[in-house]
Amino acid sequence: MFRKLLAEFFGTFWIVLGGCGSAVLASRFPETGVGLAGVAFAFGLAMLTGWYALGPISGGHFNPAVTFGLWTARRFPGTLVIPYFIAQVIGGIVAAAILFAIANGGPAFDVAGGFAANGFGDHSPGGYSFAAAIVSELVMTFMFVLVVCGSTNIRAPVNFAGLAIGLALTLVHLISIPVTNTSVNPARSTGPAVFVGGWAVAQLWLFWIAPLVGGGIAGLVYHYLLEREVEPTMVGQQEPGWRPAHP
């Protein structure tokens, strides 16, 4: 159990440090910064690399919405949901603390400027409304968790799940950064909000409820409407996911 929780801690830590770090540190330069696309790819790369490095230990959730979605999909035991949530949130907060320490050494840093926190209305990067934020977070999380469920299915190509999940997270950010700064991950939202305080904490509830609802619905839809039992194999037929052993 401890190893699983530690892997979830480090995986979430890596996503928040890599994704939010690119937003806070590397996207501020008009000519040479990474821009919105670079931030989106940073989140995706952190997810991809973290999944391959730590996924074999814990399953590579790194996100309460994924944990909840896999539980509703009957892929994950309910007794581990809360422990995973706690490990993920602590990982997000510790990553935000380290990012704060780094960013605070810069001459123009102002945590009140947002610190990559998620928000809507006046605190949305594009000024998007409360309703737009709910729809965006719910639908983006739904699709992200659906990809997680599908790419980790026994019928999916072996060893490609991390690539699909990382690219899906990149796409989600490319679509929705202007709307809410993209959460789809309550632990990612909690870390920066703790340091921004004020409005970020006041709006944090949306970035817990919408992703959890979206992820939970995705798990139900995948399990009850999309997933099907693996048929018994015929003589000589390869098992799903079969690969030849290395000599």
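Glu-227 is partly exposed, with a relative accessible area of 24%. This residue is a good place to enter the predicted model, since Glu-227 takes part in a salt bridge with Arg-75. The closest N and O atoms of the pair are 3.5 Å apart, and the structure holds one salt bridge. Glu-227 sits in the segment after α9 (206-226), while Arg-75 belongs to the loop between α3 (64-72) and α4, so the contact ties together parts that are 152 residues apart in sequence. Arg-75, like its partner, falls in the middle class of exposure: its relative accessibility is 30%, and it therefore counts as partly exposed.

With that contact in place, the overall plan of the chain can be described. The chain has nine helices and zero strands. Read from the N terminus on, the order of elements is α-α-α-α-α-α-α-α-α. The chain has 247 residues, and buried residues make up 47% of them.

Several pairs of residues that are far apart in sequence can be followed through helix α6 (161-180). Leu-163 lies in this helix and is partly exposed, because its relative accessible area is 36% and the partly exposed class runs between 20% and 50%. The C-alpha atom of Leu-163 is 9.0 Å from that of Leu-45, although 118 residues separate the two along the chain. Ala-164 also belongs to α6. At 29% relative accessibility, Ala-164 counts as partly exposed. Its counterpart is Leu-48, 116 residues away in sequence and 8.3 Å away in space, C-alpha to C-alpha.

Leu-169 is a further residue of helix α6. Is Leu-169 buried or exposed? With a relative accessible area of 5%, Leu-169 is buried, because the value is under 20%. Leu-45 appears again here: Leu-169 and Leu-45 are 124 residues apart in sequence, and their C-alpha atoms are 8.9 Å apart.

Leu-169 also leads to the interior space of the model, as one of the residues that line the largest cavity. The structure holds one cavity of 30 Å³ or more, and about 50 Å³ of space lies in the largest cavity. Its lining is formed by Ile-15, Phe-43, Met-47, Asn-63, Phe-144, Leu-169, His-173, Ser-183, Asn-185 and Arg-188. Which elements give two or more residues to this lining? They are α2 (35-58) and α6 (161-180). Sorted by class, the lining has five nonpolar, four polar and one charged residues. Arg-188 is the charged one, because Arg belongs to the charged class and the lining has one such residue.

Beyond helix α6, the backbone offers two points of interest in the loop between α6 and α7 (186-196). Asn-181 lies in this loop and has a positive phi of about 75°, although it is not a glycine. At 21% relative accessibility, Asn-181 counts as partly exposed. Thr-182 has its place in the loop between α6 and α7 as well. Its phi is near 60°, again a positive value in a residue other than glycine. What is the relative accessible area of Thr-182? The value is 0%, so Thr-182 is buried. The cut-off for burial explains how these two residues come to be classed apart: a residue is buried under 20%, and Asn-181 is at 21% whereas Thr-182 is at 0%.

The surface of the model carries a feature of another kind. A nonpolar patch of about 570 Å² is made by Leu-25, Ile-82, Ile-86, Ile-90, Val-94, Ile-98 and Ile-102. Which helix gives the most to this nonpolar patch? Helix α4 (residues 81-103) does, with six residues. Leu-25, another member of the patch, is found in helix α1 (residues 2-26). Its relative accessibility is 36%, so Leu-25 counts as partly exposed. The value also fits membership of the patch, because residues of a patch need over 30% relative accessible area.

Taken together, the predicted model shows a chain of nine helices and zero strands, with one salt bridge, one cavity of 30 Å³ or more and a nonpolar surface patch to which helix α4 gives the most residues.

Note on methods. Residues are numbered from 1 along each chain as its sequence is written. This is a predicted model: local features need pLDDT of at least 70, side-chain atom pairs count only at pLDDT 80 or more; totals for chains, interfaces and linings use all residues. Side-chain values use heavy atoms; hydrogens and water are left out. On a 1 Å grid over the protein atoms alone, a cavity is a set of points where a 1.4 Å probe fits but cannot get out, and a pocket is an open set with protein on both sides within 12 Å along at least five of seven lines; lining residues have an atom within 4 Å of a point. Grid points are joined across faces, edges and corners, and a volume is the space filled by probe spheres set on the points. Helices (H or I, at least four residues) and strands (E, at least two) are DSSP runs, numbered from the N terminus. Patches are made of residues with over 30% relative accessible area and no salt bridge: like charges are joined within 9 Å, nonpolar side chains (Val, Leu, Ile, Met, Phe, Trp, Tyr) within 5 Å. Accessible areas come from the Shrake-Rupley method with a 1.4 Å probe; for residues, only the protein chains shown count as cover. A salt bridge is a side-chain nitrogen of Lys or Arg within 4 Å of a carboxyl oxygen of Asp or Glu. Buried means under 20% relative accessible area, exposed over 50%, partly exposed in between (1.4 Å probe, protein chains only).
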